Amino acid sequence: MLNFVPRSVLRLAGVVVLVLAFLLPNLVQPYTVRVMATILVFTVFATGLNLILGYTGLLSFGHAAMFGAGAYIAARLLLDTGMPLIGILAISTVGGAVFAALVGLTSWRVGGDYLALVTLGVGEIFYLFLNNADKVTGGATGLPGVPAGELFGWSMLPLNNLYWFTLVVTILVTLFVWVIGRSFLGRSFLAIREDEVIARSHGINVPLTKVVSFTIGGAIAGLAGVLQVLLLGFVGPATFTVDQSILVVEIVLVGGMATTLGPFLGSLLVIGSTQYLSSLSDYRSMIFGALIVIVLLWKPGGLVQILGLGGRRPTVPRTPLSLLRRRPAAVPQVDSIETATAQEVKL
Amino acid sequence: MSVTVENPIFKAVGVGCRFGGVIALDSVDFEIGANEIVGLIGPNGSGKTTLLNVLSGIYRPTSGTVEINGKPSKFKSSRRLSREDGLARTFQNIRLCPSLTVRDNVLIGMHAQYKWYDSLITFGGRERRTTREVDEILEFVGIADKADEIATDLAYGDQRRVEIARALATSPRLLLLDEPAAGMNPREAQVLVDLIRRIHQERDLAIVVIEHNMNVVMNTASRVVVLDAGLCIAHGDPATVSSDPYVLEAYLGKRFKDA
């Protein structure tokens with residue numbers, strides 16, 4: 001759509017948008033700033049999933065669990081200890097990473113739609129855990145009244161400060177994923193998404209790389225969880241249901257898989273529309289369902305592709321639906337009687 | 001049946017591979033010298049690709065032993081064969097990463113020489129160096145002008161070359177080509193023969209070519225191995241093999257044994 005615009009103009013427009021983003025609290029109502037901060041939190045959250053789903057091609061429906069892990073760790077630490085915010089950020093990020101690494105280990109055994117089911121189960125179990133472990137998580141009521149911390153003496157209580165902090169984190173995370181996407185690690189993610197046999201026979205450690213992808217994605221989700229707590233001042237199980245995981249999958253798909261700007265554009269549309277078009281909320285699922293079908297069938301690059309903002313070097317999967325029917329490695333099923341050894345060598 | 005090769009970099013003794021009741025490979029002895037081109041031929045279903053899959057660690061053989069670079073190898077995974085023993089292969093049905101550019105496809109081959117965290121730490125310089133190496137390889141196989149196109153948009157013959165380029169990017173010591181000339185017309189096949197010879201001359205490596213196109217095999221291989229029904233039935237230089245009565249029988253049937 002914007003293909004006719006010269007790239008230099010687009011770059012300039014990007015800089016203008018960035019400056020406007022920093023000036024936003026001076027220009028608009030606090031409500032808009034709050035909505036924008038929510039959109040940025042979901043951008044960070046979706047950026048983590050973009051590594052797992054967009055780059056590595058592993059369909060995860062349990063991403064809200066890592067988001068929730070980060071949020072609950074941060075809330076507990078803010079309530080119980082006077083730890084500086086930087087430490088809380090670090091611990092929550094590591095917490096999300098460890099949790100995600102454990103979930104990622106299951107990808108050694110299962111792939112495609114089976115992995116989607118496993119992660120769906122993890123998300124559901126995590127939700128039940130939040131509801132029932134009253135002592136730690138506060139049960140169904142959650143943990144209200146979480147104080148906003150201080151970052152190097154800079155209070156997170158005023159909305160504007162928190163907005164700026166979220167904006168900086170979003171930019172840093174997006175840059176981080178951009179760097180990964182251009183590195184050897186990013187390319188091994190893409191190779192695994194495209195064809196595991198090829199990845200393996202060219203020296204890529206497929207199981208390890210999958211777990212690394214899950215770990216980094218989970219760490220970013222944990223970070224997003226902290227931002228969410230700071231923004232809401234409250235955590236409750238209802239924020240971390242499987243619905244939330246599906247919402248973030250939606251954001252990644254609509255925004256554009258394996259693109260740098262996709263998570264931001266996706267959450268701008270998905271979260272923005274839930275905030276401003278609440279009169280249409282009954283039809284929301286219908287509209288986005290149709291949008292996802294369109295994206296999966298014709299525009300796998302999502303909004304990034306539709307707007308023509310993609311990079312010179314394409315990373316978008318051409319046939320996203322193939323993520324679900326992951327073909328087995330070039331090995332026939334082996335009858336077990338005498339030849340259990342003629343199986344595919346796994347690692 | 002075994003002809004001794006000096007310093008074989010790869011040696012398989014009595015390798016067999018069964019799938020349930022199907023005997024894909026019965027017992028095959030196979031040696032590859034450090035710097036030779038071996039042709040591997042045989043009728044359809046004779047076990048050529050199975051042998052290649054066993055060599056490249058995709059299947060685990062059910063019997064026999066394999067030696068690589070003089071060391072007995074417990075059957076290694078294809079990842080370790082690629083990283084540690086310099087083994088690279090192409091596939092019978094072209095397997096390229098369909099959404100990525102030609103250059104990215106070849107860059108995937110570079111992973112055999114690098115660790116996954118490499119360009120996270122030294123971002124930039126190493127990436128530029130590998131990109132330059134990839135451009136050299138693309139130049140070498142003759143598709144440098146198509147480096148930024150999506151791999152699956154290329155013509156069939158060019159896709160084959162991308163596969164070969166990707167295998168070369170791992171800087172292999174042993175290159176396995178599975179029917180590289182399948183679906184090519186005679187002129188394309190001739191270009192391929194030239195390419196294989198050039199790879200062999202300019203890079204110090206051994207090549208195994210599986211092929212049905214006799215022109216390609218006879219013009220490249222210095223030694224030919226013939227498989228039939230999972231057994232090695234003939235072995236030697238191209239001229240001897242092509243007049244071997246067992247080979248004629250395997251290909252044409254008993255009636256032509258004396259032809």
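Begin by selecting I37(B) in this predicted model. I37(B) is buried, because 24 other C-beta atoms lie within 10 Å and a count of 20 or more is what qualifies a residue as buried. The residue belongs to strand β3 of chain B, which covers residues 37-41.

Next, add V209(B) to the selection. In sequence, I37(B) and V209(B) are separated by 172 residues, yet their C-alpha atoms are 7.3 Å apart in space. To display the surroundings of I37(B), select H200(B), I207(B), V209(B), T220(B), A221(B) and S222(B); I37(B) touches each of these, with residues up to four places away in sequence left out.

Two of those partners lead to the largest nonpolar core. This core has 170 residues, and the members that touch the most others are V44(A), L223(A), I207(B) and V209(B).

Remain in chain B for one more stop and select helix α1, residues 48-55. Is this helix mostly covered or mostly uncovered? It is mostly covered, with seven of its eight residues buried. The buried residues of α1(B) are K48(B), T50(B), L51(B), L52(B), N53(B), V54(B) and L55(B). Continue just past the end of α1(B) to G57(B), whose phi is positive, at about 80°.

Now turn to chain A. Chain A contains 14 helices and four strands, and 50% of its 347 residues count as buried. Among contacts in chain A with a separation of 6 or more, 78% are between residues 24 or more positions apart.

Select V44(A), already named as a member of the core. Which residues does V44(A) contact, leaving aside its neighbours within four places in sequence? They are V169(A), T170(A), V173(A), I220(A), L223(A), A224(A) and L227(A). One of these, L223(A), is also among the core members with the most contacts to other members.

The final stop is a pair of helices in chain A: α8, residues 184-194, and α10, residues 206-232. Two packed helices are described by the angle between their axes and the distance between the axes. Here the angle is about 110° and the axes are 10 Å apart. The helices α8(A) and α10(A) are therefore roughly perpendicular to each other, and their crossing is left-handed. To see where they meet, select S188(A), F189(A) and I192(A) from α8(A), together with V206(A), T209(A), K210(A) and S213(A) from α10(A). The residues of this contact comprise three nonpolar, three polar and one charged.

Methods
Residues numbered from 1 in each chain as written. Chains lettered and ligands numbered in written order. Predicted model: local features only at pLDDT ≥ 70, side-chain atom pairs only at ≥ 80, totals over all residues. Helix = DSSP H or I, 4+ residues; strand = E, 2+ residues; numbered from the N terminus. Buried ≥ 20, exposed ≤ 12 C-beta atoms within 10 Å, placed from the backbone. Contact = placed C-beta atoms within 7 Å. Core = buried A, V, L, I, M, F, W, Y, C linked by C-beta atoms within 7 Å. Axes fitted to C-alpha atoms, helices over the stretch in contact; angles between N-to-C directions. Parallel < 35°, antiparallel > 145°, perpendicular 65-115°, else oblique. Left-handed = near helix turned anticlockwise from the far one by under 90°. Nonpolar A, V, L, I, M, F, W, Y, C, P; charged D, E, K, R; others polar.
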